[in-house]
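This report concerns a single protein chain. Please examine the sequence and the structure shown here before reading on.

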Amino acid sequence: MSIKTIFDDQNVPAPFQVPLNQKYDTYLLNGEIKKWQGKTSEVHSPIFTKNAEGKLEPTLLGTVPVMGEKDALEALDAANTAFNNGTGLWPTMKVADRIKCVENFAAIMATKREEVVNFIMWEIGKTLPDAQKEFDRTIEYIHDTIEELKELDRNCAKLKLHSEVYAQIRRGPLGVVLCLGPYNYPLNETFCLLIPAIIMGNTTVFKPAKFGVILITPLLEAFAEAFPKGVVNILFGRGREVATPIVKSGRVEVLALIGNSKSANALQSHHPKQNRLRLVLGLEAKNPAIVLPDTDMDLAVEECVLGSLSYNGQRCTALKMIFVHENIIETFNKKFVERVKQLKYGLPWEEGVKLTPLPEPGKPEYIKSLVDDAIAKGAEIINEGGGESHHSFVYPAIMYPVNEKMDLYHEEQFGPVVPILSFKDVQEPIDSIVNSNYGQQVSLFSVNADTLAPLVDSLVNQVCRVNINSQCQRGPDVYPFVGRKDSAVSTLSVRAALRSFSIRTLVACKNNQLNKDILNDMLDNNKSNFVNTNYIL
Ligand code: G3H
């Protein structure tokens, strides 16, 4: 089969059809779902379909609002009013009541699974099982967050006495959070920011990523129904026009962004009082695999294929460089090529499909430029058909031998091109990691603890997760997701995110009769939401 046939079957099975050419014109402002009357932009799918003349073109899914500065500032006003300098209904609400709102949200969200999963496939080309996993993982994340917050709250449900000072220590909200997610996990990664931010008592303005926009619209009602007005405001449009004015205003306390460091740097620099802006950022990475001579070859190949090509390599955690010891490079390359050949390509809903069209319109050209540059500097495409493209689809290019002069060595390719390098001394890949701008994760492949242990001990201080005989990945979401250097700011995990979106606050008083009477009165009569020892079950 040639990749040119990828869009031939135009009969989309009924369960996976979505309405085409629709007007998605609603947004969420101050608790109300509003109708947008202004400028719009078209949303095209990476899945091509035939037009009336029989010519393939990106399927037009519909239009979405292109909002601007005025709308952004209105949403910011709503979020600021709801927070009201920490005195609003939401930031002062009992934790148990905030949890009820989030539970209600998750219950309504669960009813939208099919619709959202279909849009994930159509908007960003993710396979059906991965789209379903993204949805289910998000619901699970919400439930885990609720349990973790209960635990956190229970640990704070007591008064401490030290050095004759009583204190009750809790975690309080920070203020207004501007939340921007990435296109590769438009639901999961965005909600992994949004949900902890909300549940800790912050109020939010959220703008979906550049792709994966329509899939948020079925959830607008859930947000409107579950939360008091102004707690969640959802805008559509370009970052420059919507996010920049919000940051410029200085009335936002947290920038929560998963994406690119260039946009993060540009945005944060607009804040007039930069020390007041807390950053929660997940940025680029160039995670390497190091395949050592004493490896289990089949296992290493399997994990490296998964790591480099799941969702066509469009994961921040993807393996973006594979260093293989020179004694085993020939066998590794042969087996890697064979394994990639078995990956089925096609449309996201097709059974067993692994390689799918890419959502970014310029991506095939970008991949080609990386491949051409690597070839000009001495690499070869070692798999048949590698790098061939057809409209939005690019067949993975496996490149060997890659070296430091090539763009592919330095750039986060975020797509289906796999650079392989051979090494003689393990110091070579280590030096590459030390000199890299990124420091997220690494994967080590060997069957020998004596080989692995010294590497583990030095690499844990270069990156934030060393994977043994396993691909790099974020999950399970209860584990810390973090990076050194330009890869991240702040830690995300079910537990860490609750801390990233809050600050320790305490109520304290000297130990004397007057203060004890006051504390007892507050506790016995449930007078304060903060000073209390109620236990959330
Ligand atoms: O794009 C980055 C994601 O956090 C990766 O998550 O490792 O679960 O695919 P994942």
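The text below treats the chain as a whole, then two helices, then one residue close to the start of the numbering.

The model is predicted. DSSP runs in the chain amount to 17 helices and 27 strands. Along the principal axes, the C-alpha atoms occupy a box of roughly 80 × 65 × 40 Å. The radius of gyration is 25 Å, which agrees with the value near 24 Å for a compact globule because the chain has 537 residues. Of these 537 residues, 57% are buried. Among contacts between residues at least 6 apart in sequence, 74% join residues at least 24 apart.

The exposed surface of the chain is about 22700 Å², and carbon and sulfur atoms supply 49% of it. The chain carries 57 positive and 63 negative charges, and the mean positions of the two sets lie 7 Å apart.

Two helices are compared with their expected spans in the table.

| Helix | Residues | Number of residues | End-to-end C-alpha distance | Expected span |
|---|---|---|---|---|
| H3 | 95-110 | 16 residues | 22 Å | 22 Å |
| H10 | 297-309 | 13 residues | 18 Å | 18 Å |

In helix H3, the buried residues are Val95, Arg98, Ile99, Cys101, Val102, Phe105, Ala106, Ile108 and Met109. The buried residues of H3 pack against helices H2 (89-92), H4 (113-124), H5 (128-156), H6 (188-199) and H7 (220-226).

In helix H10, Met297, Ala300, Val301, Glu303, Cys304, Val305, Gly307, Ser308 and Leu309 are buried. The cover over the buried residues of H10 includes helix H11 (329-341) and the strands S13 (287-291), S14 (319-325), S16 (353-355), S21 (417-423) and S23 (441-445). After H10 comes Tyr311, which has a positive phi near 45°.

Ile6 is placed in the segment before strand S1 (22-23). Is Ile6 buried or exposed? Ile6 has a relative accessible area of 4% and is therefore buried, the cut-off for that class being under 20%. Which residues does Ile6 touch, not counting those up to four places away in sequence? Ile6 touches Tyr345, Gly346, Leu347, His390 and Phe393. Ile6 and Lys207 are 201 residues apart along the chain, and 32 Å separates their C-alpha atoms.

Definitions and conventions: Residues are numbered from 1 along each chain as its sequence is written. This is a predicted model: local features need pLDDT of at least 70, side-chain atom pairs count only at pLDDT 80 or more; totals for chains, interfaces and linings use all residues. Side-chain values use heavy atoms; hydrogens and water are left out. Helices (H or I, at least four residues) and strands (E, at least two) are DSSP runs, numbered from the N terminus. The radius of gyration is taken over C-alpha atoms; the globule rule is 2.2 Å times the number of residues to the power 0.38. Buried means under 20% relative accessible area, exposed over 50%, partly exposed in between (1.4 Å probe, protein chains only). Contact means heavy atoms within 4.5 Å. Accessible areas come from the Shrake-Rupley method with a 1.4 Å probe; for residues, only the protein chains shown count as cover. Lys and Arg count as positive and Asp and Glu as negative; His and the chain ends are not counted. The place of a charge is taken as NZ of Lys, CZ of Arg, CG of Asp or CD of Glu. The expected span of a helix is 1.5 Å times one less than its number of residues.
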